[in-house]
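Me: I've got this model open and I'd like a close look at one part of it, the sheet. Could you walk me through how it's put together, and then link it to what sits around it?

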Amino acid sequence: MSGTAGAGKEAAERPILRVLDGEALSPPPAWMMRQAGRYLPEYRAVRAEAGSFLDLCYNPDFATEVTLQPIRRFGFEASILFSDILVVPHALGQDVRFVEGEGPRLDPMAGRTEFDALIEAGDPRIMRHLAPVFETVGRLRAELPSETTLLGFCGAPWTVASYMIGGRGTPDLAPARALAARDPALLDALIDRLVAVSTEYLVRQFEAGADAVQIFESHAGSLPDVPAGEAGDALSRWSFRPIARIVSGIRARVPGARIIVFARGSGLDGHARVADETGADAVGVDWAVDLKALRARLPARVVTQGNLHPETLIAGGAALDAAVDAILEATAGTPHIFNLGHGITPQTPIPHVERMLARLRR
């Protein structure tokens, strides 16, 4: 792909791209993590028709429809591709399935035998497997309003590796932490493979029509206590440095690529390090971080995104109004994208989303 990501007159008018380029807008543009999901009745109807969750992810008709649903209903300034971070290990040949009511299940990568069975990075089978995702991105760019930013995404290597190693999400990521201590070279090898595949995956999303991408490090908070040996602290070794390699690899092929990094659970210090250590344009901020304190530690050019507690959105009412106002106050005069500090939950009342946006846009 040649040229600059998001180039063109229409792209220049997309508010979120303007913010990602460092412009402070009032009110800030908004989207929500997991905005296409189970809180919407129209999503649940499509999900029932699709069959399995992976069938929904890999069917461009269904995936396009559910991605567009929250844009039609709420008019968010960004639409994020509907997919899942675990399509990458699935493309690498690991068995992935979703158990209703329990979440994802994978055949655990317990050691080198399972690692050696994975498909090598660069094997054309990987991107062929992911081709339906790229088709969905292309359809979305054609169907979205011209002012709406289209976001692609992937999981960060540490987060994806933790699922691959443990076979499921665990509260403390004990299997991945144990492998880091027992065989750090094997974890490094897995991270390296995920860096290579994730870089290509995101480049292909840009080529298909994505304006920007987000890298989800959902399990950053599990890293600080993991031994990292002589390679520096664990957050750098297994999270920020691999993400930085993805970012630089993308920009070598997609000049000007805009990239958001969400390092959930990394605390105030970790969030303050994201932009410098990864090269991200924007720092996704989880709900546990003091946004005003973080802004005070960041250069004015660094974009922030998020911070609203999903449970505050569930509560609604005056508490929601106050939380929206506090975020606007903390980010006044700085480039900020309004979002949650984690994904929206299925029990969120739709009128509360409407109230949030009305408060934001008043």
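Reply: Let's start at one end of the sheet. Strand 8 and strand 9 run parallel and are paired over two bridges. One of the residue pairs here is Gln-305, which sits opposite Ile-337 of strand 9. Keep in mind that this is a predicted model.

Now zoom out to the sheet as a whole. It is an open sheet of seven strands, ordered 1-4-5-6-7-8-9, with parallel pairing. Strand 1 (78-80) and strand 9 (336-337) are the edge strands; each has a single partner strand, so one side of each has no neighbour in the sheet.

Step inward from strand 9 and you pass through strand 8 to strand 7. Strand 7 (residues 282-285) pairs with strand 8 (residues 303-306) in the parallel sense, this time over four bridges. In that pairing, Ala-282 faces Val-303 of strand 8, and Val-283 has Thr-304 as its bridge partner in strand 8. On the other flank, strand 6 (residues 258-263) is joined to strand 7 by three bridges, and these two strands run parallel as well. Val-283 turns up again there, as the strand 7 bridge partner of Val-261. If you want one residue to centre your view on, Val-283 is handy: it is bridged to Val-261 and to Thr-304 in strand 8.

How does the chain get from one of these strands to the next? Between strand 6 and strand 7 there's helix 14 (residues 267-278), and the three elements make a right-handed β-α-β unit. The pattern carries on with strand 7, helix 15 (residues 291-297) and strand 8, which also make a right-handed β-α-β unit. Strand 7 therefore belongs to both units, as the end of one and the start of the other.

What about the two faces of strand 7? In a regular strand, side chains alternate between the two faces of the sheet. Here Ala-282 and Gly-284 are on one side, Val-283 and Val-285 are on the other, and all four are buried, leaving both faces of strand 7 covered.

Follow the chain out of strand 8 and you come to Asn-307, in the loop between strand 8 and helix 16 (310-315). Its backbone is worth a look: phi is near 105°, a positive value in a residue that isn't glycine. Asn-307 counts as buried because its relative accessibility is 11%, under the 20% cut-off.

Compare that with Arg-34, another non-glycine residue with positive phi, near 65°. Arg-34 is in the loop between helix 2 and helix 3, and it counts as exposed because its relative accessibility is 53%, over the 50% cut-off. That loop, between helix 2 (15-20) and helix 3 (41-50), also holds Pro-27, and the peptide bond leading into Pro-27 from Ser-26 is cis, with omega near 0°. UniProt, in an unreviewed entry, puts the feature "domain: Uroporphyrinogen decarboxylase (URO-D)" at residues 29-38. In the model that span is 0% helix and 0% strand, and its end C-alpha atoms are 23 Å apart.

Now for the packing. The largest nonpolar core has 127 residues, and Ile-215, Val-353 and Met-356 are the ones with the most contacts inside it. Helix 12 supplies the largest share of this core, 11 residues. That helix (residues 184-208) has 25 residues and spans 36 Å from first C-alpha to last, close to the 36 Å expected at 1.5 Å a residue. Right after helix 12 comes Gly-209, with a positive phi of about 135°. As for Val-353, leaving aside neighbours within four places in sequence, it is in contact with Met-32, Tyr-39, Phe-74, Phe-76, Leu-313, Ile-344 and Thr-348.

One last stop is Ser-239, in helix 13 (residues 234-253). Ser-239 is buried, with a relative accessible area of 1%. Setting aside neighbours within four places in sequence, Ser-239 is in contact with Glu-217, Leu-223 and Ala-234.

Technical notes:
Residues numbered from 1 in each chain as written. Predicted model: local features only at pLDDT ≥ 70, side-chain atom pairs only at ≥ 80, totals over all residues. Heavy atoms only, no water. Expected span 1.5 Å × (residues − 1). Core = buried A, V, L, I, M, F, W, Y, C linked by side-chain atoms within 4.5 Å. Buried < 20%, exposed > 50% of the residue type's maximum accessible area, 1.4 Å probe, protein only. Contact = heavy atoms within 4.5 Å. Pairing = 2+ DSSP bridges. UniProt positions renumbered as here; feature names shortened; annotations may be inferred. Right-handed = clockwise from strand over helix to strand, strands pointing away.
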